[in-house]
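The exercises below are meant to be worked through with the sequence and the 3D view side by side. Each task is followed by a solution that proceeds step by step.

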Amino acid sequence: MLGDDLKSLLDGALREIGTADAEGLEALRVSLLGKNGSVTTLLKSLGGMDPEARKAAGTQINLLKTQITDAISARRATLDEAALAARLAAERIDVTQPPRPEPQGAIHPLSRTTEEIAAIFGAMGFAIKDGPDIESDWNNFSALNIPAHHPARAMMDTFYLTAQPNERPAVLRTHTSPVQIRTMLNERPPIRIIVPGRTFRADHDATHSPMFHQCEGLVIEEGITLAHLKGCLSDFLSAFFGVPNLPVRLRASYFPFTEPSMEVDIGWSRKTGEIGGGTDWLEIGGSGMVHPNVLANCGIDPRKYQGFAFGVGLERITMLKHGINDLRLFYESDVRWLRHYGFSPLTPASLHEGI
Ligand code: DAH
């Protein structure tokens with residue numbers, strides 16, 4: 001049993017400890033049990049007592065010290081537990097929350113265009129081919145009916161690679177057309193392919209880049225006519241731009257590898273930029289009936305097989321479709337541009353979307 005003084009000291013201390021916060025509890029510990037704390041002072045006073053009194057008082061003061069120490073520990077445990085519970089509640093992950101769209105990445109508009117073209121031509125039974133960026137002079141020019149020193153070579157600002165002695169001359173391919181040759185050398189008709197890919201020309205301004213992209217198309221079968229070419233291009237361009245019955249005009253032109261040759265124009269409004277609206281025409285590619293010399297160069301009998309081919313600029317049709325006005329921004333890898341013009345990876349191109 002504690003004496004009255006000690007009892008009231010204990011009661012007061014327990015009351016304060018029971019409601020203290022973490023900081024207050026530490027202050028109480030110091031004021032009670034610290035070097036100059038009230039309990040410590042009482043313990044020190046034992047030294048001046050005679051043995052009888054010291055024994056009785058010592059038991060009481062030590063009991064007081066134990067009770068206060070236990071109360072402080074208990075209060076500290078309660079406070080720690082409450083703090084942990086609060087932290088867990090604040091940091092809880094809500095697994096039912098829907099995912100936020102990933103802010104970092106997006107599908108590049110050119111990749112998107114390639115996917116859309118693949119989906120549209122895939123539905124028409126075309127296979128997708130590719131070829132190397134470094135191409136032989138023969139595949140890029142000669143086999144396509146563009147012999148050395150022919151003025152048609154001047155149509156393209158070619159990057160020529162320095163050939164080692166005994167090496168065949170090579171170039172950075174100036175168009176995707178050499179993949180026509182690669183395919184016709186390796187496969188027999190019927191052939192229906194598209195070739196999306198990188199191409200290179202020594203040209204650089206707001207509408208030209210030394211590296212750009214094209215998509216070639218090639219169909220070789222018996223009985224293929226210019227009507228098939230026009231129908232195929234019209235269907236493709238209508239689907240790609242999402243404009244039913246998009247006006248498509250084939251305008252007489254010249255390419256060495258086709259005869260006859262035609263530029264491909266689509267209807268648009270120069271004033272509003274609307275595709276399929278207005279009365280103006282915009283060139284988006286070249287096309288024609290595959291030249292008999294090209295078929296013969298690949299071992300295909302031009303008297304038996306006919307075909308058409310076309311090539312479109314992928315940057316061109318992507319800029320038109322999405323209202324992008326500077327070609328150079330395609331290659332600057334500016335994430336702000338990509339966030340604005342890019343596409344969510346979660347919405348892949350599909351014909352079901354009505355492209
Ligand atoms: N290769 C041509 C160019 O880069 C585009 C082209 C025109 C491709 C007519 C063709 C075609 O397949 O038939 O300018």
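**Exercise 1. Find which residues join helix H3 to helix H4, and describe how the two helices are arranged.**

Step 1. In this predicted model, the contact is made by Val39, Leu42 and Leu43 on the H3 side, which meet Ile61, Asn62, Leu64, Lys65 and Ile68 on the H4 side.

Step 2. Sorted by character, the residues of this contact between H3 and H4 comprise six nonpolar, one polar and one charged.

Step 3. For the geometry, take H3 as residues 38-45 and H4 as residues 51-90; the two pack at an angle of about 160°, and their axes are 10 Å apart. Because angles over 145 degrees count as roughly antiparallel, H3 is roughly antiparallel to H4.

Step 4. The handedness completes the description, since the crossing of H3 and H4 is left-handed.

**Exercise 2. Work out how helix H2 is oriented relative to H3, and which residues bring the two into contact.**

Step 1. H2 covers residues 22-33, and its axis comes within 3 Å of that of H3, with a crossing of roughly 15°. Because angles under 35 degrees count as roughly parallel, H2 is roughly parallel to H3.

Step 2. The residues that meet are Ser31, Leu32 and Leu33 from H2 and Ser38, Val39 and Thr40 from H3.

Step 3. This contact of H2 with H3 divides into three nonpolar and three polar residues, with no charged residue. Val39 therefore belongs to the contact with H2 and also to the contact with H4.

**Exercise 3. Identify the residues that touch the most other members of the largest nonpolar core, and trace which elements supply that core.**

Step 1. The core holds 40 residues, of which Ile117, Leu237, Phe241 and Ile266 touch the most other members.

Step 2. At least two core residues come from each of helices H5 (109-123), H8 (226-241) and H10 (314-322), and likewise from each of strands E6 (211-221), E7 (248-253), E8 (258-268), E9 (280-290) and E10 (306-313). H8 gives the most, with eight residues.

Step 3. To follow one member in the 3D view, select Leu237, which, apart from neighbours within four places in sequence, is in contact with Leu246, Val248, Val264, Ile266 and Ile284.

Step 4. A second core, separate from this one, has 24 residues, including Ile146, Ile181, Met184 and Ala309.

**Exercise 4. Determine which residues of helix H7 are buried, and what they pack against.**

Step 1. The buried residues of H7 are Pro178, Val179, Gln180, Ile181, Thr183 and Met184.

Step 2. These buried residues pack against strands E2 (134-136), E5, E6 and E10, and against helices H6 and H9 (292-297).

**Exercise 5. Is Ile134 of strand E2 buried, partly exposed or exposed, and how does Phe212 of strand E6 compare with the cut-off for burial?**

Step 1. Ile134 lies in E2 and has a relative accessible area of 49%. Because partly exposed covers the range between 20% and 50%, Ile134 is partly exposed.

Step 2. Beyond residues up to four places away in sequence, Ile134 touches Leu161, Ala170, Val171 and Leu172.

Step 3. Phe212, in E6, has a relative accessibility of 16% and counts as buried, because the cut-off for burial is under 20%.

Step 4. Setting aside neighbours within four places in sequence, Phe212 is in contact with Thr174, Gly197, Arg198, Thr199, Phe200, Arg201, Glu315 and Tyr331. For one of these, Gly197, the separation along the chain is 15 residues and the C-alpha distance is 8.4 Å.

**Exercise 6. Locate the cis peptide bonds that precede Pro190 and Pro260, and the positive phi values of Asn145 and His149.**

Step 1. The bond from Pro189 to Pro190 is cis, with omega near 5°, and Pro190 is in the loop between helix H7 (178-186) and strand E5 (191-200).

Step 2. The bond from Glu259 to Pro260 is also cis, with omega near -5°, but Pro260 is placed in strand E8.

Step 3. Asn145, although not a glycine, has a positive phi of about 70°, and is found in the loop between helix H6 (137-140) and strand E3 (160-161).

Step 4. His149 likewise has a positive phi, near 70°, and its place is in the loop between H6 and E3. With a relative accessible area of 82%, His149 is exposed.

Note on methods
Residues numbered from 1 in each chain as written. Predicted model: local features only at pLDDT ≥ 70, side-chain atom pairs only at ≥ 80, totals over all residues. Heavy atoms only, no water. Core = buried A, V, L, I, M, F, W, Y, C linked by side-chain atoms within 4.5 Å. Buried < 20%, exposed > 50% of the residue type's maximum accessible area, 1.4 Å probe, protein only. Helix = DSSP H or I, 4+ residues; strand = E, 2+ residues; numbered from the N terminus. Contact = heavy atoms within 4.5 Å. Axes fitted to C-alpha atoms, helices over the stretch in contact; angles between N-to-C directions. Parallel < 35°, antiparallel > 145°, perpendicular 65-115°, else oblique. Left-handed = near helix turned anticlockwise from the far one by under 90°. Nonpolar A, V, L, I, M, F, W, Y, C, P; charged D, E, K, R; others polar.
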